[in-house]
Amino acid sequence: MTWDQIKDQSVAPKEQVGVNWKVDRSNTLDRATGQKRVPMRTFLALGMMGLVVVLNGCMIVDSPIKGVLGTEVIWGDIATSESSTPAGTLKEGKACAESILGLLARGDASVRAAKENGNIKEVTSVDHSARNLLNVVGEWCTIVRGR
């Protein structure tokens, strides 16, 4: 076959025979047109910083002293009277409330509930305790002692 026969039967001129055709992508979005690729580690670093801020921004259980990684404290709140009863014979009642992630809280940590749990008629002291682990799980308790 000669070039003239090929020219008559082909749609491509003889100058372009054997040339690879390129697809025109001028109307499509391409990263080469100025968009920058953001590495995954940037998203991971931002996510970790956000998590640290969220978890340390506020404690989910209040206490007089707080730890960043965890808290477990007991402190005295009220002492109503000196008891003539020996310390070993005092009754103790405890009532607690729990919190999960600072989003869901439940329980009754009132003095009334602690009195009922310890079968106490006369209260001589009220203490509180708080436990918190990484701001994930928190517990607030009222401890009542009396007769």
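These legends go with a set of close-up views of a predicted model.

Because this is a predicted model, local features need pLDDT of at least 70 and side-chain atom pairs count only at pLDDT 80 or more, while totals for chains, interfaces and linings use all residues. Residues are numbered from 1 along each chain as its sequence is written, and side-chain values use heavy atoms, with hydrogens and water left out.

**View 1. How sure the predictor is along the protein chain.** The score here is pLDDT, the predictor's confidence in each residue, from 0 to 100. Averaged over the protein chain, pLDDT comes to 77, and 65% of the residues reach 70 or more. Helix α3 (residues 111-118) has the highest confidence, at a mean of 95, and helix α1 (residues 3-9) the lowest, at 61. Helices (H or I, at least four residues) and strands (E, at least two) are DSSP runs, numbered from the N terminus.

**View 2. Ser-129 and its contacts.** Look for Ser-129 in strand β4 (residues 123-133). Its relative accessibility is 9%, so Ser-129 counts as buried. Buried means under 20% relative accessible area, exposed over 50%, and partly exposed in between (1.4 Å probe, protein chains only). Leaving aside residues up to four places away in sequence, Ser-129 touches Val-73, Ile-74 and Trp-75, along with Glu-139, Trp-140, Cys-141 and Ile-143. Contact means heavy atoms within 4.5 Å.

**View 3. A salt bridge inside helix α3.** A salt bridge is a side-chain nitrogen of Lys or Arg within 4 Å of a carboxyl oxygen of Asp or Glu; by this rule the count comes to seven. Here Arg-112 pairs with Glu-116, with 3.7 Å between the closest N and O atoms. The two sit four residues apart in helix α3, which means about one helical turn separates them. Arg-112 and Glu-116 are both exposed.

**View 4. Glu-122 meets Arg-147.** In this salt bridge the N to O distance is 3.0 Å. Glu-122 belongs to the loop between α3 and β4 and Arg-147 to the segment after β5 (137-146), so the pair ties together parts that are 25 residues apart in sequence. With 37% relative accessibility, Glu-122 counts as partly exposed; Arg-147, at 30%, is partly exposed too.

**View 5. Glu-98 with Arg-106, plus a network.** The side chains of Glu-98 and Arg-106 form a salt bridge at 3.6 Å, N to O. Glu-98 is partly exposed at 39% relative accessibility, whereas Arg-106 is exposed at 60%. Which residues are linked in a network of salt bridges? They are Glu-92, Asp-127 and Arg-145.
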